[in-house]
Amino acid sequence: MVLATMLLSCSEKEKAALLQINPSNLEKVGEVSPRYQSYNVEMAEVVGGEFWRPYSQMKQDENGLPILPQLGEGYDVSQKNEAMYMKLAPIDLTNPRIIALAQGLAPAYMRVSGTWANAIYFQDNDEPQMEKAPEGFANVLTKGQWKGVVDFSKAVDAQIVTSFAVSNGVRDKEGVWTPVEAQKILDYTKELGGAIAAAELFNEPTMPSAGGAIDPEYNAEDYAKDHRVFYQWTKAQAPEMTVLAPGTVGEGMEGVDFSLVSSGKTYTAEELLSAEPKVQMDALSYHHYGAASMRMFRDGHPFSISKENALNKEWIERTDAPLEHYKALRDKYAPGKNLWNTETAEAAAGGDPFAATYLDTFRYLYQLGSNARNGLYVHMHNTLIASEYSLVDQTTLEPKPNYWAAYLWAKLMGTDVLDAGKSSVEGVYLFAHNTKGTTDGVTFLVINTTEQPATLNLAADGKQYLLSAKSLDSNEVMLNGTPLSIGADNSLPKIEGAEVKAGETELPAHSSCFLSFRRK
């Protein structure tokens with residue numbers, strides 16, 4: 001499939017809203033990390049913990065829909081039940097297909113964290129894995145499992161980002177955090193010839209009790225005291241490691257109160273950052289989910305999203321307000337520092353069923369483009385493999401539509417963020433970066449979420465990479481009309497653009513297109 005040159009009558013041209021695509025003289029408005037598009041491999045995956053049960057593995061009703069527990073107003077993330085969670089086998093990071101798929105997204109960061117990391121005990125011996133974590137911990141990480149993370153990181157050019165245990169097992173007699181477990185992981189990583197590129201103290205101090213094995217009265221002042229020790233330790237033991245804080249979630253969206261999903265005490269980023277002693281950091285981090293999945297909230301709840309609304313302007317653009325919220329906090333508490341989104345996806349709690357379909361590629365690509373344009377430095381998708389919101393199916397290891405969107409971004413979009421101008425058509429979005437690996441190339445990303453074709457006016461000849469599907473519910477996507485797939489030998493397809501000529505062209509409804517040009 002190629003963009004078709006349009007022959008319009010004068011009256012039709014007058015009616016058509018033209019989107020101008022001109023690669024000349026674009027102003028640079030920002031810069032992202034070379035590892036901007038990154039991903040999470042949850043600690044629960046590494047150690048074989050409990051994670052969100054896929055809908056396909058839940059009991060089904062007569063219509064083939066998952067039967068979900070009756071949750072009342074919502075679901076408390078500190079609860080566990082078999083209907084919502086399933087025990088994972090530890091992920092095999094030596095699997096050639098997983099390695100090949102991750103290499104397709106390189107260079108990247110891989111964040112190994114999540115709730116399970118908050119109470120993790122590192123078993124730094126070569127004995128069989130302990131059946132039960134020591135007192136003060138909830139989970140066990142073995143040397144072999146962490147070696148798998150480090151070896152994978154090297155194999156796929158994905159630098160490690162993590163967080164550490166903060167549970168009662170690492171606290172001194174005054175109840176303050178100590179690096180006893182963090183030091184063990186850091187030392188073993190160095191022994192393996194690896195490195196931890198960046199770390200948060202712990203995962204989502206918004207809800208400190210969610211990870212278990214921590215004082216239920218833990219508060220913002222406790223966090224500030226802990227973080228002072230953490231920051232001092234990193235600067236003494238790993239000065240090259242970027243300290244991220246606070247890694248909070250659920251803020252910046254009008255009418256959303258994230259305390260709805262936790263029975264324990266919750267704290268905002270402002271409360272944590274304003275506590276004494278003041279938190280020091282190298283970059284400000286946050287997590288963002290525009291909704292919680294149907295595992296937590298049913299359709300109609302203000303923090304839910306249905307597939308029928310997945311192309312609405314309000315949903316597609318929901319990433320913008322939280323970024324502005326955290327930019328303001330950054331400017332107040334860490335001026336001049338970079339912003340990292342270290343965890344994001346379609347919806348919290350594993351994602352909705354449509355997160356695994358072509359329908360979610362529009363949100364995914366908009367979020368990458370808009371966040372880069374608005375000042376985000378690193379963007380980390382949750383997850384690479386586990387649950388509906390993953391880039392890769394956890395059972396079949398087949399790439400999902402969002403994987404292919406990520407693959408195209410990884411191949412085409414460079415680190416210089418350019419001013420693409422504003423779209424004149426509602427529901428059509430424009431972004432631009434330098435073409436990856438070039439100084440004289442420009443690549444536009446045009447996203448058409450509407451049911452109508454969009455008319456583009458190209459100022460120069462170029463190459464187009466059109467992402468489309470036969471239906472919004474499809475699990476298969478096409479590049480320029482050819483289905484994308486990974487080979488039986490785990491080879492990834494070569495990305496080649498189709499020639500497109502200057503002039504008026506048509507971008508199909510419900511499609512996204514990367515357009516690459518040489519700058520003159």
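Select helix α4 first: Lys-143, Gln-145, Trp-146, Val-149, Val-150, Phe-152, Ser-153 and Val-156 are its buried residues. Buried here means under 20% relative accessible area, exposed over 50% and partly exposed in between, with a 1.4 Å probe and protein chains only. Helices (H or I, at least four residues) and strands (E, at least two) are DSSP runs numbered from the N terminus. The model is predicted: local features need pLDDT of at least 70, side-chain atom pairs count only at pLDDT 80 or more, and totals for chains, interfaces and linings use all residues. Residues are numbered from 1 along each chain as its sequence is written, and side-chain values use heavy atoms, with hydrogens and water left out.

**Helix α4 and its end**

With α4 still selected, display residues 143-156: these 14 residues reach 20 Å from the first C-alpha to the last, close to the 20 Å expected at 1.5 Å a residue. The expected span is 1.5 Å times one less than the number of residues. An α-helix has 3.6 residues a turn, so residues three or four places apart point the same way. Next, select Asp-157, just after α4, where phi is positive at about 55°.

**The parallel strands**

Move to strand β11 (residues 196-200), which is joined to β12 by three bridges and runs parallel to it. Two strands pair if DSSP finds at least two bridges between them. To find the register, select Ala-198, which stands opposite Thr-242 in β12.

Strand β12 itself covers residues 242-249, and seven of its eight residues are buried. Within β12, select Pro-246; the peptide bond from Ala-245 to Pro-246 is cis, with omega near -5°. Beyond β12 comes β13, paired with β12 in the parallel sense over five bridges. Here Leu-244 has Ala-283 in β13 as its bridge partner.

Strand β13 (residues 283-289) also pairs with β14, again parallel, over seven bridges. Leu-284 stands opposite Leu-339 in β14. Select residues 338-345 to show β14, a mostly covered strand with seven of its eight residues buried.

Continue to strand β15 (residues 378-382), which runs parallel to β14 and is joined to it by three bridges. Asn-341 stands opposite His-379 in β15. Adding helix α10 (residues 361-373) to the selection completes a right-handed β-α-β unit of β14, α10 and β15. Right-handed means that, with the strands pointing away from the viewer, the path from the first strand over the helix to the second runs clockwise.

**Backbone points in the loops**

After β15, select the cis peptide bond that joins Asn-382 and Thr-383, with omega of about 5°. Thr-383 lies in the loop between β15 and α11 (401-412). Then return to Glu-204, in the loop between β11 and α6 (220-237). Phi of Glu-204 is near 50°, a positive value in a residue other than glycine, and the residue is buried, with a relative accessible area of 9%. Most residues other than glycine have a negative phi, and most peptide bonds are trans.

**Cavities and the largest pocket**

Three cavities of 30 Å³ or more are found in a search of the whole structure. On a 1 Å grid over the protein atoms alone, a cavity is a set of points where a 1.4 Å probe fits but cannot get out, and a pocket is an open set with protein on both sides within 12 Å along at least five of seven lines; lining residues have an atom within 4 Å of a point. Grid points are joined across faces, edges and corners, and a volume is the space filled by probe spheres set on the points.

For the second largest cavity, of about 70 Å³, select lining residues including His-288, Trp-315, Ala-345, Arg-363, Tyr-366 and Gln-367. Helix α10 supplies the largest share of this lining, three residues.

The largest pocket holds about 430 Å³ of space. Of its 23 lining residues, the closest to its centre are Ala-356, Asp-393, Thr-396, Lys-400 and Asn-475.

**The antiparallel strands**

Finish at His-510, in the loop between β24 (503-507) and β25, where phi is positive at about 50° although the residue is not a glycine. Strand β25 (residues 511-518) follows, with seven of its eight residues buried. Eight bridges join β25 to strand β18 (residues 441-448), and the two run antiparallel; Val-446 stands opposite Cys-513. Strand β20 (residues 462-468) also pairs with β25, antiparallel, over five bridges, and Tyr-465 has Phe-514 as its bridge partner.
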